[in-house]
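Trainee: Could we go through this model together, with a reason given for each answer?

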Amino acid sequence: MPHARSWTAPPTRREITLLLFSLTIFVLSYNLEVSLGIVGVHPQKLTASYLSSLGLGSKDPGFDADGRRPKEWRDELENIIAGDWEWREGEVSGVARGSSSSSGSGRTGMTYNFGGLKRASRSSQLEDRGVSLDVGVTVKDQFVKWGKDVPETSVVAHAPGYTVLDNVIAVNGTLFVVANDWTQVPKLGDIASSSLDPTRPPRVQDWHILTTNDAAEMFGPYAAKIHGTSWLALGKAEAQDPYTLLSLFRTHASLSSSAPSASFTSTSGLHIIAPSSGSSPAPSSSTPAPLRLIYPFIPTFSSPSILPGPGEDPKAHPPPRERAYTGTHPLLSKAVFPTLGAWYEEDWKDLADMHVPFLFERVVIADRGAAERGRTHWMSEADAARVDELKKRAPPTAATAPVWAAPFVGLNAPEGWWTPARAALLRYLHIVNGVAGTGAGESSRSLWGLSKKQVPHKPVVAYVSMQDAPVGAGARLADADHEKLVHGLQALVKDGVLGEVHLLKGNGSVPAPEWEARMSAIARSTILMGPYGFQLADGVFMRSPLEASASPSEKAQRQESAAKAPPAPLLMEFFPPGTFVRDQQYAMQVLGIDYQAWWNSQVFTGANLPDVVSQASSPGQDPRVPLDVDVVLRTVREEASRRAVS
């Protein structure tokens with residue numbers, strides 16, 4: 001029988017061997033990845049492919065140098081989120097815009113990709129779609145290192161108050177024009193105005209002109225670049241109206257004209273006239289769309305932000321705020337210019353507070369103060385001599401034209417310059433046929449395949465009423481005249497003279513469904529009528545006879561069918577006797593739409609328009625417009641029979 005041992009007895013050789021073996025196994029297993037790395041085995045590969053499946057070595061290996069998890073640790077979800085792409089040292093990983101790479105080969109991967117791949121929208125082929133690696137704007141392109149070679153500002157088009165400039169620098173809220181030859185740029189007072197007083201030229205804090213050497217010393221060697229075309233609507237909210245967008249788009253459309261649009265008086269007083277159109281390049285058919293509309297002096301909201309009071313729930317949703325007035329309904333720019341983003345005073349202040357230079361690739365500037373001061377220079381003497389061309393654009397005189405008409409008088413544009421804007425609105429409203437009138441789409445053949453006489457499309461009338469508008473919104477008819485006019489138009493529908501009659505409210509801030517119905521009625525209208533004011537400004541979206549022709553054959557075909565084309569739509573604007581403003585009339589004239597101004601029963605058209613006379617309304621009251629409704633209804637009946645589309 002073996003000798004009994006106490007627990008304090010020294011260990012035997014067998015016990016020491018078992019203990020050393022167990023410690024060795026423990027150390028090797030606990031530090032297996034380090035141990036295998038010593039002998040040359042890749043620990044991540046062994047951990048993911050074998051040991052992790054056995055429940056051993058569950059340590060997270062972290063991320064690779066490219067920011068992704070190791071291949072052995074990736075799953076399908078991570079491939080969906082991060083993508084399957086190849087990355088090499090010294091390169092930026094990215095997927096080119098508008099392309100897909102299911103195999104992950106080449107320089108493809110994650111980027112700022114604002115476009116669809118397989119399910120791209122109809123705008124997926126637009127040039128300016130965001131940030132990418134190979135196409136358009138790259139991450140690197142957003143950073144500019146110019147050293148001492150600061151880009152000079154170039155004048156693309158100019159009329160007083162409406163200018164297109166390339167390479168404009170914004171620093172601390174001030175806009176800088178960089179030019180070594182100051183005679184090649186307009187006077188700053190013809191470009192913009194003081195932010196404090198729009199009747200005066202800009203202050204040094206608003207606009208400044210520098211040489212390249214001064215700019216390099218002031219700004220340093222670096223800048224951030226804002227790509228694409230930016231619209232800059234200078235002036236506060238009270239200086240805006242519905243024609244701000246119209247004039248900006250006209251200025252932008254001058255980029256597609258073959259004729260020169262740069263004629264100005266330089267800072268030295270020298271009058272610069274562009275070369276003759278004989279050596280001008282052909283009009284561009286791919287003028288980039290604007291990417292942003294900037295209101296530097298208009299806040300996003302006109303109403304203040306109301307904070308929760310004492311005892312109120314701080315998490316409760318605050319009351320909705322009223323958006324600042326910019327002249328148009330918020331949906332209009334989204335429907336007509338879908339690529340256009342809006343920047344407001346807060347966004348402009350963000351740029352200023354960064355205290356770094358921002359290089360704007362191209363800016364289209366609208367400043368009515370500068371346009372008013374330079375009214376006598378809207379048109380050069382060379383332009384005034386081209387009477388035939390001017391008749392297609394606008395009257396040669398600028399004395400009585402609205403201040404926003406400067407680009408119509410001083411800049412050239414293709415004949416169908418407004419066609420893309422109206423076409424975009426029709427697509428948004430799902431209006432397939434832009435021709436006004438009812439009965440569209442009716443078959444011209446009988447059941448037996450024989451042709452039959454096509455049913456004429458009856459005219460559509462839209463009456464914009466201000467009767468329900470709040471006090472101070474604008475002129476309106478007397479209540480009795482309003483009721484009589486509505487009943488009379490409805491009677492013309494019953495008699496078969498008119499196809500439709502739409503009673504519309506003033507533009508205002510109507511909800512989206514009502515705005516869409518309003519714009520649909522106006523776009524399809526044969527006759528638009530109402531008391532004078534900006535509530536009729538949407539009449540520019542009626543059908544214009546000045547349509548673009550894509551090719552000479554289409555132009556010839558249009559000339560052949562000119563006799564069969566329906567007459568242009570008609571705008572009937574009602575004024576108090578002795579009052580006349582030209583905003584709506586001028587807009588209709590440049591678009592080729594017929595126009596009538598009414599003083600009670602007296603009608604003015606064409607060359608016999610009255611002189612411009614504004615009537616100041618009393619505070620708290622709106623002008624009441626007297627109207628001979630019987631004469632108006634008789635005129636509508638006559639115009640309807642003449643404008644019926646067969």
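The questions below concern a sheet, the helices against it, and the nonpolar cores.

Trainee: Which strands are the edge strands of the open sheet of six strands?

Mentor: Bear in mind that this is a predicted model. The sheet has mixed pairing and runs in the order β14-β12-β15-β16-β17-β18, with a twist that averages 20 degrees from one strand to the next. An edge strand here pairs on one side only, and that description fits β14 (500-505) and β18 (602-604).

Trainee: In β15, which residue is the bridge partner of Val461?

Mentor: Strand β12 covers residues 460-465 and strand β15 covers residues 527-531, and the two pair in the parallel sense over three bridges. Val461 falls within the β12 range, and its bridge partner in β15 is Ile527.

Trainee: What angle does the direction of helix α19 make with that of β17?

Mentor: Two helices should be kept apart here: helix α16 (residues 512-523) touches β12, β14 and β15, and its direction makes about 135 degrees with that of β14. Helix α19 (residues 629-643) also packs on the sheet, touching β12, β15, β16 (570-575) and β17 (594-599). With the direction of β17, that of helix α19 makes an angle of about 170 degrees.

Trainee: How many residues does the other core have, the one apart from the largest nonpolar core?

Mentor: The largest nonpolar core has 100 residues, of which Leu485, Leu489, Met529, Phe574 and Val636 touch the most other members. Met529, for instance, touches residues including Val461, Leu485, Phe574 and Val636. The core lying apart from it includes Ala170, Leu188, Ile209 and Phe360, and its size is 22 residues.

Methods:
Residues are numbered from 1 along each chain as its sequence is written. This is a predicted model: local features need pLDDT of at least 70, side-chain atom pairs count only at pLDDT 80 or more; totals for chains, interfaces and linings use all residues. Side-chain values use heavy atoms; hydrogens and water are left out. Two strands pair if DSSP finds at least two bridges between them. Helices (H or I, at least four residues) and strands (E, at least two) are DSSP runs, numbered from the N terminus. Axes are lines fitted to C-alpha atoms, for helices over the stretch in contact, and angles run from 0 to 180 degrees between N-to-C directions. Contact means heavy atoms within 4.5 Å. A nonpolar core is a set of buried Ala, Val, Leu, Ile, Met, Phe, Trp, Tyr and Cys residues joined through side-chain atoms within 4.5 Å. Buried means under 20% relative accessible area, exposed over 50%, partly exposed in between (1.4 Å probe, protein chains only). Lists of a residue's contacts leave out its neighbours within four places in sequence.
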